[in-house]
Amino acid sequence: MPAPHNAFKAALADGQPQIGCWVGMANAYATEIAATAGFDWLLVDGEHAPNDLNSILEQIRVIEGSGSHPVARLPIGETWMIKQYLDAGVQSLLVPMVESGDQATELVRAVRYPPHGVRGVGSALARASRFAAIPDYLTTADQQICLLVQVENRAGQAALDDILATEVDGVFIGPSDLAADMGHIGQAGHPDVVEAVLDSIRRIVAAGKAAGILTLDPAMQRKCLDLGATFVATDIDVTLFARSMRASAKAGQDLLQPDNS
Ligand SMILES: O=C(O)C(=O)C[C@H](O)[C@@H](O)CO
């Protein structure tokens, strides 16, 4: 019995576009609601949301039972942290702030068992192996891990070809951090940032890797998909919730205004 099949990784390898959503509420109940929406993948954010490994695990659990695939973003790409996330059962990882081919190579080694990598062997304790209920886990796990790395500054852009030459499964372009590093903080839609993002998407696709992005701009979503991006996140749960709550509160306050009709 092999490690669980990673349908998300297979879809990316087949070039099938996958529409996703960021989930940053850091709450399994809220993530379970998101998992009923129908997204192909949900990004459980361990970088900017107040998540830890246990809260990530709770959310991975509720997503696994849905039609969406869980992707976990680490706060940083550290081998020891990757080991913990993988042992917890995360099969698709997004690693921020990758800036060199060497860094990408180390991340590839971190998600693989020896002799092809350095992932520590602890499957007897690991949820990933269903606590050793999957007898072939150690010899089949590597093929089901999807490693996605983020290029989101000028250093990463300069090293993109080196990163693409490694065995990462895909490269995600982070428009917000890239804009900041380019001197346009808060302006992911700045023409220079948009061109840098689209050029990177073209290069990632040309290299035969999966290209990904998070953008709330429908026109940018369309452009990236037309260029061949295959993991495109189109919304953020926190943003959706905050916007809806504010709109509702305003509507309530409007009720109290003198009727100007
Ligand atoms: O740089 C980016 O853009 C991303 O990596 C996505 C952000 O981290 C996400 O929190 C939305 O702002």
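Ala, Val, Leu, Ile, Met, Phe, Trp, Tyr, Cys and Pro are counted here as nonpolar, Asp, Glu, Lys and Arg as charged, and the others, Gly among them, as polar. With that sorting in hand, the shell around the ligand in this predicted model comes out as 2 nonpolar, 4 polar and 2 charged residues. Its members are H48, Q150, E152, G174, P175, S176, D177 and L214. By the sorting above, P175 and L214 make up the nonpolar part, while E152 and D177 are the charged ones. Helix α9, which spans residues 175–181, supplies the largest share of this shell, namely 3 residues.

Stepping back to the chain as a whole, the UniProt record, an unreviewed entry, places the feature "domain: HpcH/HpaI aldolase/citrate lyase" at residues 18–242. Over that stretch the chain is 40% helix and 18% strand. The C-alpha atoms at its two ends sit 25 Å apart.

The annotated stretch opens with strand β1, residues 18–23. This strand is largely enclosed by the rest of the structure, because 5 of its 6 residues are buried. On one hand, β1 pairs with strand β8 (residues 231–236) in the parallel sense, over 5 bridges. Within that pairing, I19 has V232 of β8 as its bridge partner. On the other hand, β1 also runs parallel to strand β2 (residues 41–45), and 4 bridges hold the two together. Here C21 is matched with L42 of β2.

G20 gives a good view of these surroundings, being itself part of β1. A residue needs 20 or more other C-beta atoms within 10 Å to count as buried, and G20 has 21, so it qualifies. Leaving out residues up to four places away in sequence, G20 touches F39, D40, W41, L42 and L43, as well as F231, V232 and A233. Among these contacts, W41, L42 and L43 fall in the span of β2, and F231, V232 and A233 fall in that of β8. There is also a link back to the ligand shell: the C-alpha atom of G20 lies 8.4 Å from that of L214, although the two residues are 194 places apart along the chain. L214 is one of the residues around the ligand.

Next comes the nonpolar interior. The largest nonpolar core has 67 residues, and those touching the most other members are L42, L43, A72, L93, L147, V149 and V171. L42 and L43 have already turned up as contacts of G20. As for A72, its contacts beyond four places in sequence are V44, G46, I56, I60, Y85, V90 and L93. L93, then, is both a contact of A72 and another of the residues that touch the most core members.

A few spots in the backbone stand out. Most residues other than glycine have a negative phi, and most peptide bonds are trans. Against that background, P114 and P115 are joined by a cis peptide bond, with omega at about 5 degrees. P115 belongs to the loop between α5 (101–110) and α6 (137–140). That loop also holds A132, whose phi is positive, near 75 degrees. A132 has 12 C-beta neighbours inside 10 Å and so counts as exposed. M97 has a positive phi too, near 55 degrees, but sits in the loop between β4 (92–95) and α5. With 18 C-beta neighbours inside 10 Å, M97 is classed as partly exposed.

Notes
Residues numbered from 1 in each chain as written. Predicted model: local features only at pLDDT ≥ 70, side-chain atom pairs only at ≥ 80, totals over all residues. Core = buried A, V, L, I, M, F, W, Y, C linked by C-beta atoms within 7 Å. Contact = placed C-beta atoms within 7 Å. Near = placed C-beta within 6 Å. UniProt positions renumbered as here; feature names shortened; annotations may be inferred. Pairing = 2+ DSSP bridges.
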